[in-house]
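I opened a fresh page for this one and went through it entry by entry. Here is what I looked up, in the order I looked.

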Amino acid sequence: YRMLRGSGLTGMTGIPLSRALGKGYLLRPLLECSREQLESAVSELALDYVSDPSNNKDAYDRNYLRNQVLPVLKKRWPKLTQRWSENAALFQESNDLLEQYLAEDLKLCAPKSDQFELDVWSEMDAIKQSALLRHWLFSVLGLRVNSQVLDKIITEVIQARPDADPLLSLGAVKLRRYQNSLYLVPDMSERVESIKIVSDGDFDLGDGYLQVRGLPPEMKLTISRREGGESCTPIGKKHRAIKKILHEAKITPWHREKWPLAYCDDNLIAVPGVCLCQGFPIEENNEFSVLWHPFSLSDYS
């Protein structure tokens, strides 16, 4: 069935005996047993069982192959199932070897699991480029992308114009490009828009956590999301727009959009994790800090 679908080397390895599933594993301990062995065991042990009535409906491709095609082939080649099983094992060996080689190249292109640098990748042969992108997405997301999706990644994301902010959805994760790197970005729709802070601590805002240290007892902070048009004077620098400050700090565009800002009495006093602002009493307190740590894909797994 997978051969007819054109699923490639990985698909031809067959169903795995075990694979990761969430925080655990999916195990198939009876996968290598034949139907005859299973039916014999059920009979000898007098086990109750359930037979799916849809298995007899040849309208499904898988059932048509099982009920109509395989019996004919087995008449000509009685050891067909055994031979295909042996081939699947050989495909698995080849696939494991390929992924070992790709894992070495992946170290050069993916210093972080959810970030893929294109500078080294662009110097590789086209066939390795495709294989390495597939391997990266599988190693991080457990997702096997087909040729159509891979073509979209290359043409719509990697080859998009330099000043673009391309995005491609891969299930619940977004694939984005910034400064010649690809990023896998989780859904950040659950973020907290505003919060009042009266003491030190770590505060979960849904898409990251805010770390406040050295806040004077008499001072209260309001953390609100950036909406656009804000500006400040960073300590030791000239007054300019928050948008420019975040860009100079090499913050990715999708994080810049809703970067949290720290206010005291309606005055902007800090761009968390980037700078403190001049002109407010807080700047004289050297122990004060407010940092912002956006969640990465690994924080959601």
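**Entry 1: cavities.** I am working with a predicted model, and I began with enclosed space. How many cavities of 30 Å³ or more does a search of the whole structure find? I got two.

I took the largest cavity to start with, and its volume came out at about 50 Å³. What lines the largest cavity? I wrote down Met-188, Arg-191, Asp-207, Arg-225, Trp-254, His-255, Lys-258, Trp-259, Trp-292 and Pro-294. Sorted by class, that lining has five nonpolar residues, one polar and four charged. I also checked which elements give at least two residues each, and noted H10 and E16.

Then I turned to the second largest cavity, which holds about 30 Å³ of space. Around the second largest cavity I listed Val-192, Glu-193, Ser-194, Ile-195, Leu-205, Ile-223, Ser-224, Arg-225 and Pro-260. Arg-225 caught my eye, since I had it in the lining of the largest cavity and again in the lining of the second largest one. Which element gives the largest share here? My note says E10, with three residues. Strand E7 (194-197) and strand E10 (221-225) each supply at least two. The classes here are five nonpolar, two polar and two charged.

**Entry 2: a pocket.** Next I looked at open space, and chose the second largest pocket, with about 470 Å³. It is lined by 22 residues, and those closest to its centre are Lys-112, Gln-115, Tyr-183, Thr-252 and His-255. Strand E6 (181-186), helix H10 (253-256) and strand E16 (289-294) are the elements that give two or more residues to this lining. Which of the elements gives the most? I found E6, with four residues. By class, I noted 13 nonpolar, six polar and three charged residues in the pocket lining. One link to my earlier entry is His-255, which is among the residues closest to the pocket centre and also lines the largest cavity.

**Entry 3: the three-stranded sheet.** E16 kept turning up, and I followed it into its sheet. Three strands make an open sheet in the order E8-E9-E16, with antiparallel pairing. Which strands are at the edges? They are strand E8 (201-204) and E16, each paired on one side only. On average, neighbouring strands here are turned by 15° against each other, direction ignored.

I then went through the pairs. Strand E9 (residues 208-213) and E16 are antiparallel over six bridges, while E8 and E9 are antiparallel over four bridges. Tyr-209 was a handy residue to follow: its bridge partner in E16 is His-293, and Asp-204 stands opposite Tyr-209 in E9. For Leu-210, the bridge partner in E16 is Trp-292, a residue I had already listed around the largest cavity. Between E8 and E9 there is a hairpin with three residues between the strands, and in it Gly-206 takes a positive phi near 90°.

**Entry 4: the four-stranded sheet.** E6 from the pocket entry belongs to another sheet, an open one of four strands in the order E3-E6-E5-E4, with antiparallel pairing. Why is one side of E3 and of E4 left without a neighbour in the sheet? Strand E3 (115-117) and strand E4 (167-170) stand at the edges with a single partner strand each, so one side of each has no neighbour there. The twist averages 20° from one strand to the next.

E3 and E6 pair over three bridges in the antiparallel sense, with Glu-117 opposite Ser-181 in E6. I then checked which helices pack here. Helix H7 (residues 126-141) lies across E3, E4, strand E5 (173-178) and E6, at about 25° to E6. Helix H8 (residues 147-158) packs on the sheet too, touching E4, E5 and E6, and its direction makes about 155° with that of E4.

**Entry 5: two helices.** Last, I looked at helix H4 (residues 61-76) and helix H5 (residues 80-109), which pack with their axes 9 Å apart at an angle of about 100°. H4 and H5 are therefore roughly perpendicular to each other. Which residues meet? From H4 I noted Leu-70, Leu-73 and Lys-74, and from H5 Leu-80, Thr-81 and Trp-84. The contact divides into four nonpolar residues, one polar and one charged.

Methods
Residues are numbered from 1 along each chain as its sequence is written. This is a predicted model: local features need pLDDT of at least 70, side-chain atom pairs count only at pLDDT 80 or more; totals for chains, interfaces and linings use all residues. Side-chain values use heavy atoms; hydrogens and water are left out. Axes are lines fitted to C-alpha atoms, for helices over the stretch in contact, and angles run from 0 to 180 degrees between N-to-C directions. Angles under 35 degrees count as roughly parallel, over 145 as roughly antiparallel, 65 to 115 as roughly perpendicular and the rest as oblique. Contact means heavy atoms within 4.5 Å. Ala, Val, Leu, Ile, Met, Phe, Trp, Tyr, Cys and Pro count as nonpolar, Asp, Glu, Lys and Arg as charged, and the others, Gly among them, as polar. On a 1 Å grid over the protein atoms alone, a cavity is a set of points where a 1.4 Å probe fits but cannot get out, and a pocket is an open set with protein on both sides within 12 Å along at least five of seven lines; lining residues have an atom within 4 Å of a point. Grid points are joined across faces, edges and corners, and a volume is the space filled by probe spheres set on the points. Two strands pair if DSSP finds at least two bridges between them.
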